[in-house]
There are 2 protein chains.
Amino acid sequence: MVNVGKRSGRPRAGEERLSREAILTAALRIVDDEGIDALTMRRLAATLQVNPMSLYHHLPNKAAVLAGLAELVFAGLELPDPGDAVPWDEQLKEAARAYRNGLRQHPNLALQVLSDTSAVSDVVVVTMEPFYLALDRAGLSPRQIFEAANTLIDFIHGFSLGEASVRAQTFELAPDLLTRVRALPADKAPTLTRIVDGLGVEGLAYDFDDGFESGLSTLTAGIAATARRR
Amino acid sequence: MVNVGKRSGRPRAGEERLSREAILTAALRIVDDEGIDALTMRRLAATLQVNPMSLYHHLPNKAAVLAGLAELVFAGLELPDPGDAVPWDEQLKEAARAYRNGLRQHPNLALQVLSDTSAVSDVVVVTMEPFYLALDRAGLSPRQIFEAANTLIDFIHGFSLGEASVRAQTFELAPDLLTRVRALPADKAPTLTRIVDGLGVEGLAYDFDDGFESGLSTLTAGIAATARRR
DNA sequence: TCCTAATCCATACGTTGTACGATTATGTAC
DNA sequence: GTACATAATCGTACAACGTATGGATTAGGA
């Protein structure tokens with residue numbers, strides 16, 4: 001087989017074609033556009049117009065690609081710090097909102113990002129600084145700050161996971177919790193049924209933004225109570 | 001090739017037969033013992049001493065197997081209700097502890113369980129009843145109960161995800177957050193570094209149980225504050 | 001000019017999920 | 001009993017996957 005239109009071997013000086021970054025960027029685009037299952041090494045190589053095996057020079061295997069994507073998403077997080085201009089709880093909420101928004105940018109990757117512990121690199125650790133900054137002003141002990149930050153982050157993770165799970169499936173959307181509860185036989189979960197019915201008409205559709213804000217308020221109130229008890 | 005020891009075609013009346021339940025049970029065992037990657041249709045069929053294609057008579061595809069496993073885990077949850085004998089917040093905490101413990105039984109499945117929205121079946125919805133029971137006693141509006149329950153569940157999910165991610169990898173355990181922060185250049189995240197250093201020696205290893213309890217206390221305190229403001 | 005390392009390509013192997021059709025038993029209608 | 005639809009299993013086969021191996025080509029330093 002003769003090489004037509006495509007040369008083998010190391011590319012000439014000016015024509016660098018592959019790099020870890022370029023690969024990850026292309027991979028991110030595929031995942032965002034077509035879902036995580038659409039990401040295969042062959043497909044990835046095709047969009048880069050390159051032989052599949054060329055990828056392995058820059059990344060050891062597919063798991064490394066996924067880990068790289070998780071890292072990329074985290075690195076893309078930008079948590080603006082309003083500083084001492086606002087009360088500590090509002091400062092904390094701002095950081096949380098930014099964190100959630102960052103994760104929302106790539107719903108198809110949420111699962112990968114949130115579960116890849118190897119992605120807990122320096123990048124991620126540094127991301128948490130704004131949370132500590134805000135909590136430090138609340139009058140907590142180091143241990144309390146540590147626990148509070150973890151709790152808040154766990155909440156954001158759980159929330160984002162649920163949000164992403166819903167947003168990720170473009171097809172076959174399952175009935176959400178509210179409609180499902182209404183379809184339930186009344187004696188299976190009486191209290192649940194009564195409460196959900198009591199929500200009224202405006203509560204028919206679940207609003208993720210409202211849910212997140214509500215969670216943030218509950219958490220900051222709980223943290224404030226902890227601070228007061230000290 | 002001659003059939004030795006195994007006949008083709010429909011089994012005779014008294015003969016051992018396949019069923020959705022038997023398949024899922026075997027699948028759960030494989031996942032628990034060897035991880036989610038060990039679960040292949042061929043491997044599953046082999047442990048059942050059956051042809052791989054036989055599985056497809058009871059389940060449409062592998063995704064259905066995984067969804068079935070998620071459902072199975074949820075169905076296995078048993079949230080004991082201490083009733084009115086204890087204060088509402090302790091009642092709520094008990095439900096939360098049981099929920100977390102249920103998810104812990106199958107760390108290799110946590111990812112699947114927590115992300116599979118199609119598993120949000122009646123089984124799962126009913127599981128939430130104890131949370132509503134407890135919250136109903138706290139003096140909240142229906143809307144507040146609804147939001148509080150979601151917040152608590154999101155926290156448990158996020159927490160369980162982190163816990164499972166750590167417990168699932170038997171190999172290549174990454175350094176945890178604490179040791180990683182200590183290895184950080186001091187100027188990258190000064191507050192974070194200072195707080196973690198202030199944790200003292202006893203805080204060297206992260207204790208999941210303590211972390212969970214701390215989160216529960218923060219959340220119940222926050223919910224109590226919401227109730228008071230009503 | 002030669003050497004080494006970088007970069008990419010071609011081929012190939014084992015494994016995966018599962019489509020398709022054949023095979024054998026069961027349950028029902030006559 | 002006989003005929004027939006249906007249920008349950010199996011055998012074969014295929015396309016797609018991740019990637020091991022080894023070879024080709026070139027850049028850049030000695």
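**Exercise 1. Determine how many helices and strands chain A has, and in which order they follow one another.**

Step 1. Chain A contains 11 helices and zero strands, where helices (H or I, at least four residues) and strands (E, at least two) are DSSP runs numbered from the N terminus.

Step 2. Along the sequence, the pattern of chain A reads α-α-α-α-α-α-α-α-α-α-α.

Step 3. The model is a predicted one, in which local features need pLDDT of at least 70 and side-chain atom pairs count only at pLDDT 80 or more, while totals for chains, interfaces and linings use all residues. Residues are numbered from 1 along each chain as its sequence is written, chains are lettered from A and ligands numbered from 1 in the order in which they are written, and side-chain values use heavy atoms, with hydrogens and water left out.

Step 4. Of the 230 residues of chain A, 50% count as buried; buried means under 20% relative accessible area, exposed over 50%, and partly exposed in between (1.4 Å probe, protein chains only).

Step 5. Among contacts in chain A with a separation of 6 or more, 72% join residues 24 or more positions apart, a contact being heavy atoms within 4.5 Å.

**Exercise 2. Find which residues have the most contacts inside the largest nonpolar core, and describe the setting of the one in chain B.**

Step 1. The largest nonpolar core has 134 residues. Such a core is a set of buried Ala, Val, Leu, Ile, Met, Phe, Trp, Tyr and Cys residues joined through side-chain atoms within 4.5 Å.

Step 2. The residues with the most contacts inside this core are Phe131(A) and Phe131(B).

Step 3. Apart from neighbours within four places in sequence, Phe131(B) touches Leu79(B), Leu92(B), Ala95(B), Ala96(B), Tyr99(B), Leu152(B), Ile153(B) and Ile156(B).

Step 4. Helix α7 (residues 129–136) of chain B is largely enclosed by the rest of the structure, because six of its eight residues are buried. The buried residues of α7(B) are Glu129(B), Pro130(B), Phe131(B), Tyr132(B), Ala134(B) and Leu135(B).

**Exercise 3. State what relation holds between chain A and chain B, and describe the contact that they form.**

Step 1. Two copies of a chain are related by a rotation about an axis and a shift along it.

Step 2. Here a turn of 180 degrees and a shift of 0.0 Å along the axis lay chain A on chain B with an RMSD of 0.2 Å; copies are superposed by least squares on the C-alpha atoms of residues with pLDDT of at least 70 in both. This is the relation of a two-fold axis. The same surface serves both copies, since 100% of the contact residues of chain A recur in chain B.

Step 3. Chain A gives 58 residues to the contact and chain B gives 58 residues.

Step 4. The two chains bury about 5200 Å² between them, with 68% of it on carbon and sulfur atoms. Buried area is the accessible area (1.4 Å probe) that two parts lose on being put together, summed over both.

**Exercise 4. Identify the salt bridges across the interface of chain A and chain B, and the helix of chain A that supplies the largest share of its side.**

Step 1. The interface has two salt bridges, each defined as a side-chain nitrogen of Lys or Arg within 4 Å of a carboxyl oxygen of Asp or Glu.

Step 2. One salt bridge pairs Arg194(A) with Asp136(B) (2.8 Å, N to O).

Step 3. α8(A) supplies the largest share of the side of chain A that touches chain B, 15 residues.

Step 4. Another salt bridge pairs Arg194(B) with Asp136(A), their closest N and O atoms being 2.8 Å apart. Arg194(B) lies in helix α10 (residues 190–197) of chain B and Asp136(A) in helix α7 of chain A, so the pair joins two chains. Arg194(B) is partly exposed at 47% relative accessibility, and Asp136(A) is partly exposed at 30%.

**Exercise 5. Examine which parts of chain A are linked by the salt bridges of Asp209(A) and Arg104(A).**

Step 1. Asp209(A) forms a salt bridge with Arg100(A), with the closest N and O atoms 3.0 Å apart. This pair links distant parts of the chain, helix α11 and helix α4 (residues 88–104), 109 residues apart.

Step 2. Asp209(A) is partly exposed at 39% relative accessible area, whereas Arg100(A) is buried at 6%.

Step 3. Arg104(A) forms a salt bridge with Glu163(A), the closest N and O atoms lying 3.2 Å apart. Arg104(A) is in helix α4 and Glu163(A) in helix α8 of chain A, so the pair ties together parts 59 residues apart in sequence.

Step 4. Arg104(A) is partly exposed at 27%, whereas Glu163(A) is buried at 2%.
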